[in-house]
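Here are a few notes to read alongside the model. I have kept them short and numbered, so you can take them one at a time.

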Amino acid sequence: LGGGGEGGERERRKGGGERVLFASAAGVAEQRAWLARASLVVVPCLHVRPPVSVLQAVAAGVPVIASRPIVPPGLASVVPSFTPRRDELRAVLHTVLRLSDEERTAMAQRAREAAAKTVDWSVLVDGYVRLYEGLR
């Protein structure tokens with residue numbers, strides 16, 4: 001499962017389009033269905049602001065790991081993260097995948113509870129406004 005943009009285009013050119021589902025091309029209902037079936041969501045992006053994909057997974061109760069630059073404030077202690085290096089991603093992914101289903105479910109629940117207490121929607125909206133203004 002991947003997004004679109006530059007990374008998605010690069011993956012398509014390399015022939016990975018058959019192995020990767022590009023979420024940005026799907027509608028909301030289809031994205032929700034994917035999250036309902038997911039046992040883990042990995043978000044290795046460097047410049048996603050605001051980090052909606054992380055919050056969607058957290059809200060759906062799906063365990064998520066993400067690159068450090070995009071973990072929302074307040075979730076750093078409950079969302080495993082990594083620097084944008086392939087070896088660190090592999091290490092974190094390996095650690096999370098070795099957890100039992102019950103442990104991953106508990107991890108997801110802790111993240112969801114932390115998000116409910118700490119995510120400030122006005123900060124997310126401000127992030128979208130800054131992004132939009134940067135495009136002009």
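1. A definition to begin with: two strands count as paired if DSSP finds at least two bridges between them. In this predicted model, strand β2 (residues 64-67) and β3 run parallel and are joined by 2 bridges. If you would like a spot to look at, Ala66 has Ser81 in β3 as its bridge partner.

2. Now for the sheet as a whole. It is an open sheet of 3 strands, ordered β1-β2-β3, and the pairing is parallel. β1 (41-43) and β3 (81-82) are the edge strands, each pairing on one side only.

3. Which helix packs on the sheet, touching β1 and β2? That is α3, covering residues 52-59, and its direction makes about 165° with that of β2.

4. Turn next to the interior. The largest nonpolar core has 19 residues, and the members that touch the most others are Val58, Val64, Leu75 and Val79. Two or more residues come from each of β1, α3, β2 and α5 (101-118). Helix α3 gives the largest share of this core, 4 residues.

5. Val58 is worth selecting in your viewer. Leaving out residues up to four places away in sequence, Val58 touches Val64, Leu75 and Val79, along with Ala111, Arg112 and Ala115.

6. Please also look at a second core, separate from the one above. This core has 6 residues, among them Leu40, Ile65, Phe82 and Val96.

Terms used: Residues are numbered from 1 along each chain as its sequence is written. This is a predicted model: local features need pLDDT of at least 70, side-chain atom pairs count only at pLDDT 80 or more; totals for chains, interfaces and linings use all residues. Side-chain values use heavy atoms; hydrogens and water are left out. Contact means heavy atoms within 4.5 Å. Axes are lines fitted to C-alpha atoms, for helices over the stretch in contact, and angles run from 0 to 180 degrees between N-to-C directions. A nonpolar core is a set of buried Ala, Val, Leu, Ile, Met, Phe, Trp, Tyr and Cys residues joined through side-chain atoms within 4.5 Å. Buried means under 20% relative accessible area, exposed over 50%, partly exposed in between (1.4 Å probe, protein chains only).
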